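The exercises below concern a ligand site and two sheets. Each task is followed by a solution in steps.

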Amino acid sequence: MDIIDKLYENKTLSDTELISLLTACDDTYLFEKAVTRRKEYYGDKVFIRGLIEISNYCKNNCLYCGIRKDNTFLSRYRLSCDDIMMCADQGYGLGFRTFVLQGGEDLHYSDDDICHIVYSIKNKFPDCAITLSIGEKPKESYKAYKDAGADRYLLRHETADSDHYSKLHPISMKLDIRKQCLWDLKELGYQVGSGFMVGSPYQTTENIVKDLRFLEELQPDMIGIGPFLPHCDTPFCNMEKGSLQLTLKLISILRLMFPYALIPSTTALATLSPTGRKDGILAGANVVMPNLSPNDVRKLYSLYNNKAYSGIEAAEAKDKLCKEIESIGYRVVTDIGNVNKKSAI
Ligand code: 5AD
């Protein structure tokens, strides 16, 4: 049996088979199978999430990231609870029913601040889901946010190989801590999202296999991947960017391994190629996350160079986004968009 059919049937492959699939040239059949599987679980639906980038302050120094602490060229901002409520108001009016609050690890916000923000949005919009993406925290903090009303948490593991992890992060950051956070979040009952960068410096095909194995262990509800893109004010300024083809291939592989997963077609993908957003959907992604942050701060949430933040990346342009999605045979829905663990057919 061809390995793509085997992956479709069994939802997993051996390491050798995964490596041969990852290094194969033609992905046409892989995309086809991924689309079939995605339709079984989610039909033609594409979920939208309103992304609110709450702060670009960060205590960390990840070597790839433009908002790393040592980037002194960046103007820093943080949104107040009122600012964030304004974004949510606008987003609700536009039809968003999930708000993703993402930020650097900004110690200025206390747990009470975060709980207050979460509670305020949930109180005003009880029919919405709140996703937090604010990094590594003690389990008690995660619990407090959950009790305040947070539903989901995104924390990419970045790479599941500890040697590779140490090449991307300062020594103070450890893969084991990252993994523990993800287990804590699961235990607390969050819908959990993880993921990794494609083509990050020093990444090998074996590393990617490890990423897939870790995800099999974690069984996350959401999986976010995007190409690595260099930022000029980081140590990885001159590193090669990740490949479009490999990112799309991995979206399809993820769809076949995790048929139920919520997989975004990411901003990094849209930044890498003008058709990246559409290509991601056509490879099996079923989520898009337009930017709902206040206009004047969008360019400051600069994870990598040339990050797309206007045009259909902007939440205000939702109509345009809907048209684009319709033009490829899918449909943007105003729906809370929880994970669907069972095939509809
Ligand atoms: N290129 C691509 N993705 C990046 N991220 C951070 N910096 C970069 C970069 N230079 C991703 C990380 C992080 C997510 C919020 O953005 O995977 O988890």
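**Exercise 1. The ligand shell**

Which residues are around the ligand?

Solution. The model is a predicted one. Taking residues with a heavy atom within 4 Å, the residues around the ligand are Y64, C65, Q102, R156, E158, M197, P227, F228, L229, L303 and Y304. Sorted by class, this shell around the ligand holds eight nonpolar, one polar and two charged residues.

**Exercise 2. Polar contacts of the ligand**

Find the polar backbone atoms that lie 2.9 Å, 2.7 Å and 3.4 Å from a nitrogen atom of the ligand, then state how much of the ligand the protein buries.

Solution. Step one: apply the cut-off for a polar contact, a pair of N or O atoms within 3.5 Å. Step two: assign the distances. A polar backbone atom of L229 is 2.7 Å from a nitrogen atom of the ligand. For Y64, the distance from a polar backbone atom to a ligand nitrogen is 2.9 Å, and for L303 the corresponding value is 3.4 Å. Step three: turn to area. The ligand taken alone exposes 410 Å², and the protein buries 87% of that.

**Exercise 3. The six-stranded sheet**

Give the strand order of the open sheet of six strands, and explain why one side of strand 2 and of strand 7 is left without a neighbour in the sheet.

Solution. Step one: the order is 2-3-4-5-6-7, and the pairing is parallel. Step two: strand 2 (50–55) and strand 7 (222–227) are at the edges and have a single partner strand each, so one side of each lacks a neighbour in the sheet. Step three: direction ignored, neighbouring strands of this sheet are turned by 20° against each other on average. Step four: examine one pair. Strand 2 and strand 3 (residues 98–103) run parallel and are joined by five bridges; S55 stands opposite G103 in strand 3. Step five: add the helix. Helix 8 (residues 175–187) packs on the sheet and touches strand 5 (152–154) and strand 6 (191–198), its direction making about 155° with that of strand 6.

**Exercise 4. The three-stranded sheet**

How many bridges join strand 1 to strand 9, and which residue in strand 8 is the bridge partner of F47?

Solution. Step one: three bridges join strand 1 (residues 45–48) to strand 9 (residues 331–333), and these strands run parallel. The bridge partner of K45 in strand 9 is R331. Step two: strand 1 also pairs with strand 8 (residues 287–288), in the parallel sense, over two bridges. F47 has V287 as its bridge partner in strand 8. Step three: the three strands form an open sheet in the order 8-1-9.

Note on methods: Residues numbered from 1 in each chain as written. Predicted model: local features only at pLDDT ≥ 70, side-chain atom pairs only at ≥ 80, totals over all residues. Heavy atoms only, no water. Polar contact = N/O pair within 3.5 Å; in protein donor to acceptor, adjacent residues only side chain to side chain. Areas by Shrake-Rupley, 256 points an atom, 1.4 Å probe, with all protein chains shown as cover. Nonpolar A, V, L, I, M, F, W, Y, C, P; charged D, E, K, R; others polar. Pairing = 2+ DSSP bridges. Helix = DSSP H or I, 4+ residues; strand = E, 2+ residues; numbered from the N terminus. Axes fitted to C-alpha atoms, helices over the stretch in contact; angles between N-to-C directions. Contact = heavy atoms within 4.5 Å.
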